[in-house]
Amino acid sequence: MEQGKKFSVWRRRSVEIVLSIVVVLVSVVVGALLVSFEGRSPISAYGTIFSSTFGNGGNAAYTLSQSAPLILVAMGLVIAFRGSFWNGGGEGQMLLGGITGVITTYSLHINNTVVLLLAGFVAAFIVSGSWAAISGILKVLFGIDDIVSSLLLSATAAFVVFYLVRVPYASSSTTSAAVLASVNIPNAAQFPSFDGISGTFPLALASAIVLAWVLAKTKFGFRLKVLGSNRNTAVAYFGKGRTDRLFILIAFLSGGFIGMGGMAMVSAFTGNIVAGASGGAYSAGGFTNSYGFIGIAVVFLAGLDPIASIAASIFFVSLVIGGLGLLVLMAIPTSLTISISGVAILFVSARVPIMDRLRALMRRT
Amino acid sequence: MAFDLSFFTTLIGTTVFLAAPIVLACLGVQWSELSGTFIFGIEGEMLLGAVAGFLTALATHSIPLGIVAGLATGVGVGLLSGFFEVTLGSDQIIFAIALLVIGPSLSSYLYGAYVGGHELSAFSTSIPTFGPVPVPLLSQIPLVGPVFDQPILVYVTFILVILTHFFFYHTNLGLKVRSVGMNPLAADSMGTNVPLVRYIVLIIAGILAALGGMLMVMGGTGFWSDNVTAGRGLIAIALVRVGNWRTQLTFGAALVVGLLLASVADLQGIFSGGGAVTTTFPYEVFSTLPYLFAIAVIGISYRWTRSNQPASLGRPYKRG
């Protein structure tokens, strides 16, 4: 009995992994079709993506480093979706985290890297977390769908950041009216890197491991699981007030991790925030690389598992980085690779029903 | 101080014009959600319809062909939604997020690829736009005259609002569609083909979304810009909740947002002093108003009214 159960768990796992690989392959094929729309060769396009991401040691280190912000965003989304908080506002939360990091490190006037980074990450966590917690509170108090409110608040955040970048924290060196950039973070606030790998990458790995442990082994992780699987059960077990507070806490933690992703982006890579002239509905100037949305593909491709999310994050980040290579070397717009991740999300949405069908088929044979 | 009537006349005209794409998106959301399927990705559907219409009109120099292409895209996206959400029974929220990612990126890619492939400059890639077509007599009425001095697609929108309301709340067929949204099992046992109804409704929603997206491009400047729909689809989702899934209330709410948007344009012009970047006044506040308005009114309507939300919204229906 015990052995039969273990076998079926193993079989389910392997089917899940195969399914994830199939999703990735299908989206890559769709991407190839899109490239040929322009009359280019898909093979050389994917060759460029590969060589600019893992072609040599330096590029590989850069790609791994770049995956840190996305891993942090994915952690925030794992918490959210495990606890049934539908966070669609990752874009705005990441943007807010980034600008908070810039403002904090810029205004502190300290030259100590550790203090600056700590202050930046904590501030980003609190600001973005509070922004996401608004959605949680609105859901608890008024019953507003969390996905609707988080999407709307995300658009609002983009305008707030646009103002901050335009007036109080505008870069003095920007002359072009079309592109607005924020001030740069002080040199001391740059995240140190080791052998070409940014320090944010081990930080992201550590958060993933800690989160995996918390979700699997602690009381909080258990409560999250209960709330995520059935709200009524959670209310019956913990009482309504406690369930509501837990939901708001989930929203806060989710936004907080996503904000840390924004701060990681600023402190390790961009150094400032760039906003397009239009303000944009939900991604000011492309600072976030659509990570708030791509993160959703990551976590569902990884079956809401923090450790598997690392691998999925690296895959999607190599698409994004490879997209930049495509732009430079083949003049193919970077939005192509974001479309490819969109197609992956499309197929990920059908993952559970497909699994059910496969299971039914396997039972029959 | 002279009371200037022409200011209000212009404002009313602009309000109706800016509200029309939102109204179309609202109708799409309402069709889809009254039959029990979430359509949070309508922003993406609008953008795909808009880019198809724009590129076809650009390539053929013909607006009717552009509209046909946009509508065909709407049908295609509707079929895709049906396949995933009805046939496969996908998670509707993840599917919506896929559309929210694909819409902006794919439309931007297709535009960039087309313009780059034909070596066009971004300044010369404009399409002819809809001119206003005044309705005789009605457009002469003082104050509300501009309501009847709009592109044809805006009149089509008004007609669609009336038709949608009549269909859902005054016909047997509409009741059947709503019953699919409330209790698909009961509808199925009464002989309604639930998957077919949801497919058709999703296609209609796709067409409405594509119309809204095309109105944003072809009714505006005739130039493409990335994210041309600028969050109108998101606002539409919220407005349908504000209007409690009732067409007339949603329409009213969309007009209020149209008025907000029209005043925002005016206020931004006043407070930014023309040069948008130089002033220190936070005119971005005005742009957030439609979003905050939507959140506030949803809160009020959820708390103090009997919800008309379809009972089976968001649940895929599986027979047996």
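# Helix packing and the A/B contact

Visitor: Which hand is the crossing of H2(B) and H8(B)?
Guide: The crossing of H2(B) and H8(B) is right-handed (near helix turned clockwise from the far one by less than a right angle; anticlockwise is left-handed). Helices here are DSSP runs of H or I with at least four residues, strands are E runs of at least two, and both are numbered from the N terminus.

Visitor: What kind of model is this, and how do I read the labels?
Guide: It's a predicted model: local features need pLDDT of at least 70 and side-chain atom pairs count only at pLDDT 80 or more, while totals for chains, interfaces and linings use all residues. Residues are numbered from 1 along each chain as its sequence is written, with chains lettered from A and ligands numbered from 1 in the order written.

Visitor: Back to that pair: at what angle do the axes cross?
Guide: Roughly 60°, with the axes of H2(B) (42-60) and H8(B) (194-218) coming within 7 Å. That makes H2(B) oblique to H8(B) (under 35 degrees is roughly parallel, over 145 roughly antiparallel, 65 to 115 roughly perpendicular, the rest oblique). Axes are lines fitted to C-alpha atoms over the stretch in contact, with angles from 0 to 180 degrees between N-to-C directions.

Visitor: Which residues meet there?
Guide: From H2(B), Gly49(B), Ala50(B), Gly53(B) and Phe54(B) are among them, and H8(B) brings residues including Gly206(B), Ala209(B), Gly213(B) and Met216(B). Contact means C-beta atoms, placed from the backbone, within 7 Å. The residues of this contact divide into 11 nonpolar, five polar and one charged (Ala, Val, Leu, Ile, Met, Phe, Trp, Tyr, Cys, Pro nonpolar; Asp, Glu, Lys, Arg charged; others, Gly among them, polar).

Visitor: Switching chains, how do H4(A) and H6(A) pack?
Guide: H4(A) (90-108) and H6(A) (146-166) pack at about 25°, axes 8 Å apart, and are therefore roughly parallel. Their crossing is left-handed. Leu95(A), Leu96(A) and Ile99(A) are among the H4(A) residues involved, with Ala157(A), Ala158(A) and Val161(A) among those of H6(A). By class, this contact has nine nonpolar, two polar and one charged residues.

Visitor: And how many residues of each chain touch the other?
Guide: 43 residues of chain B are in contact with 48 residues of chain A. On chain B's side, H3 (63-88), H4 (92-117), H9 (232-242) and H11 (284-304) each give two or more residues.

Visitor: Which one gives the most?
Guide: H4(B), with 16 residues. That side of chain B divides into 26 nonpolar, 13 polar and four charged residues.

Notes:
Two residues are in contact if their C-beta atoms, placed from the backbone, lie within 7 Å.
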